[in-house]
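Please look over the sequence and the model shown here before reading on. The report that follows goes through a few of its features in turn.

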Amino acid sequence: MSKAPDYAHLRVLVADDAPPVQSFLRLMLRRQGFRDEHILLAKTGKECLRLAQEQTEPVDIVLCDFNFGEGLNGRQILEELRHQHWICDTTVFIVITGEAKGNVVHAMLDLKPDEYLLKPLNPEMLKQRIDRALRRRYALLPLHQAISAGQHEEAIRLCDELAVWHPQYLPVLRETQGRILRKLRFFSEAKVLYQCALEQSGADWARLGLANTHLDLGETEEALALLTPLMESRRITIDALDCLSRYHLSSTKIPESIAHLQAAHRLAHDTSHREGLISDLCYCVDDAMGMVKAYDAFSAKCKGTYRDTVYTRVNRVRRLLMAHDLLPEPERPQCLQLITKLLGQIKAEDAKGPVQLAKAHLLLLTGRIKEAVALTLALSRNGQLSHFYDFQHLAHLLLTLSFEADFRRAMEVARTALAQSTEEMMVEARAAMLAHLEARFHANMTALEQLYGQWQKVADGRDEQAKLQLLMAMHSLAPYLSPVCEKLLALLNEAWPRGMPRHQVLAIERQCQRVVEALAQRRAA
């Protein structure tokens, strides 16, 4: 689109909760050449989505307020429009806000709209931003269409071709090209592109692109060297904080990685996906409350969006199940009550395997070991699990049950499911979750081997207290390990652990009996 666009044939969807702003925008659009019958008005995010869905052809322009107070915000509306394909490659999305605060500006930049406008609105500025967005969108339309169609290598070629015809968009084209090269794992080519762009312009997008590429290649120190000037000059953006989080995660500094994600979230507080990542990483450091609170916040912001699915609700229950044993003893009954309530609200037929797995975990926590073991083993073999979080949860449960062979198989399947993910930070956070499980497994195995070695030295002796002490230590590490439970039951018939209250010993004895009974059933099967 080299000449001025013909507004008379373009359809506009205006979404703003203030009627005076709606009327003012409508008047300005009419004066600029838009036809009144082509202007749609929405007062809420839901109404905006409904109007977009009802159109036989996607609208050409969306003018959307950023903050609607109650309900969906501008980011969620754009995500929903894209996900549901209610806008197309020719649609431009312009976000409008009345706030110029830092966190709002950062949130809008993180949204990556075609343009944005600050209130009070100026007719000339509105026309200028619409013209600019339309010209850029139509000039780069072949590139947008190739990306939408998944034709990534064609998109790389188009970036070079369009740079010749539209040099004014060279930074956008090079940034897009670098992102696609990284997506295709052409890291060496991406590295060259970003290095050239950084030398020519010194732009922060090139610096961050190169830093991320160094992280892709495992070159962590090179990445930090690029990020340091941004930190020292206080040019910290959301993208820079995300990159810093990746750097610390690659160095297995999980708390530092979480801290930078939290800082990015504070800059763009209306986002939700970072809270999901924070919850995953809190799991890796056994931070029960951090894991649950972050996922609760993520779940709340998913309400009314495409992310609000049965799997989101199941994952919320999973976080509580995994947090249970990390909580102080007095808080566990309340946790179990909440788990039971939330599970009761999920229709099992919508996600039968994941729901059954959550129920198996709950059975284990409530002492119904025989049923928990039977259900867990059935689910590990019947093909009803399909998502990464399903297999990660299964591996977590099998590790708790000390089923070594089944645990290893579940971990392999989880790694295969992980390989199907593409978003870098999501992949790395989930890989850290598996690494945490693997580390727990090896730490438990090493500790058990050491204790068993000590046990063998005293097993034939007469020091029953020493035997009990070692068996109790092994039972504490692996409370569902059948051989340990069998030995402990046999010894408890002959001796009493010195200094241990009677009710505590009886509770351990009952639990060991249930384990032996449950595992006897497994051996028979």
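## A buried valine and its surroundings

Val 515 counts as buried, because its relative accessibility is 1%. In this predicted model, Val 515 lies in helix 25, and, leaving aside residues up to four places away in sequence, Val 515 touches Ile 369, Pro 479, Tyr 480, Ser 482 and Cys 485. One of these partners, Ile 369, is 146 residues away from Val 515 in sequence, yet the two C-alpha atoms are 6.4 Å apart in space.

## The second largest pocket

Two of the residues touched by Val 515, Pro 479 and Tyr 480, turn up again in the description of a pocket. The second largest pocket holds about 1000 Å³ of space. It is lined by 33 residues, and those closest to its centre are Asp 325, Arg 332, Thr 400, Pro 479 and Tyr 480. Several helices give two or more residues to this lining, among them helix 16 (310-324), helix 17 (332-344), helix 22 (424-458) and helix 25 (502-524). Sorted by class, the lining of the second largest pocket consists of 15 nonpolar, twelve polar and six charged residues.

## The chain as a whole

The chain has 525 residues, of which 49% are buried, and its secondary structure comes to 25 helices and five strands. Taken along the principal axes, the C-alpha atoms fill a box of roughly 95 × 50 × 40 Å. Among the contacts in the chain with a separation of 6 or more, 62% are between residues 24 or more positions apart.

## A helix pair and a buried glutamate

Two packed helices are described by the angle between their axes and the distance between the axes. For helix 5 (residues 123-139) and helix 6 (residues 141-148), the angle is about 60° and the axes are 4 Å apart. On the helix 5 side the contact is made by Arg 137, Tyr 138 and Ala 139, which meet Leu 141, Pro 142 and His 144 in helix 6. The residues of this contact divide into four nonpolar, one polar and one charged.

Glu 79 is placed in helix 3 (residues 74-83), and this residue is buried, with a relative accessible area of 19%. Not counting residues up to four places away in sequence, Glu 79 touches Tyr 306 and Arg 307.

## Backbone features in loops

A cis peptide bond, with omega of about 0°, joins Lys 119 and Pro 120, and Pro 120 is found in the loop between strand 5 (115-118) and helix 5. Two residues other than glycine with a positive phi are set side by side below.

| Residue | Phi | Loop | Relative accessible area |
|---|---|---|---|
| His 85 | near 60° | between helix 3 and strand 4 (92-97) | 64%, exposed |
| Arg 185 | about 70° | between helix 8 (170-183) and helix 9 (187-201) | 60%, exposed |

## Cysteines without a partner

How many disulfides does the count come to? The count comes to zero disulfides, where a disulfide would need two cysteine sulfur atoms within 2.5 Å. The sulfur of Cys 196 has its closest cysteine sulfur in Cys 159, and because the distance is 15 Å, they are too far apart for a bond. For Cys 302, the closest cysteine sulfur is in Cys 282, and at 17 Å that sulfur is likewise too far for a bond. Cys 196 is partly exposed, with a relative accessible area of 36%, whereas Cys 302 counts as buried at 1% relative accessibility.

Terms used
Residues are numbered from 1 along each chain as its sequence is written. This is a predicted model: local features need pLDDT of at least 70, side-chain atom pairs count only at pLDDT 80 or more; totals for chains, interfaces and linings use all residues. Side-chain values use heavy atoms; hydrogens and water are left out. Buried means under 20% relative accessible area, exposed over 50%, partly exposed in between (1.4 Å probe, protein chains only). On a 1 Å grid over the protein atoms alone, a cavity is a set of points where a 1.4 Å probe fits but cannot get out, and a pocket is an open set with protein on both sides within 12 Å along at least five of seven lines; lining residues have an atom within 4 Å of a point. Grid points are joined across faces, edges and corners, and a volume is the space filled by probe spheres set on the points. Ala, Val, Leu, Ile, Met, Phe, Trp, Tyr, Cys and Pro count as nonpolar, Asp, Glu, Lys and Arg as charged, and the others, Gly among them, as polar. Axes are lines fitted to C-alpha atoms, for helices over the stretch in contact, and angles run from 0 to 180 degrees between N-to-C directions. Contact means heavy atoms within 4.5 Å.
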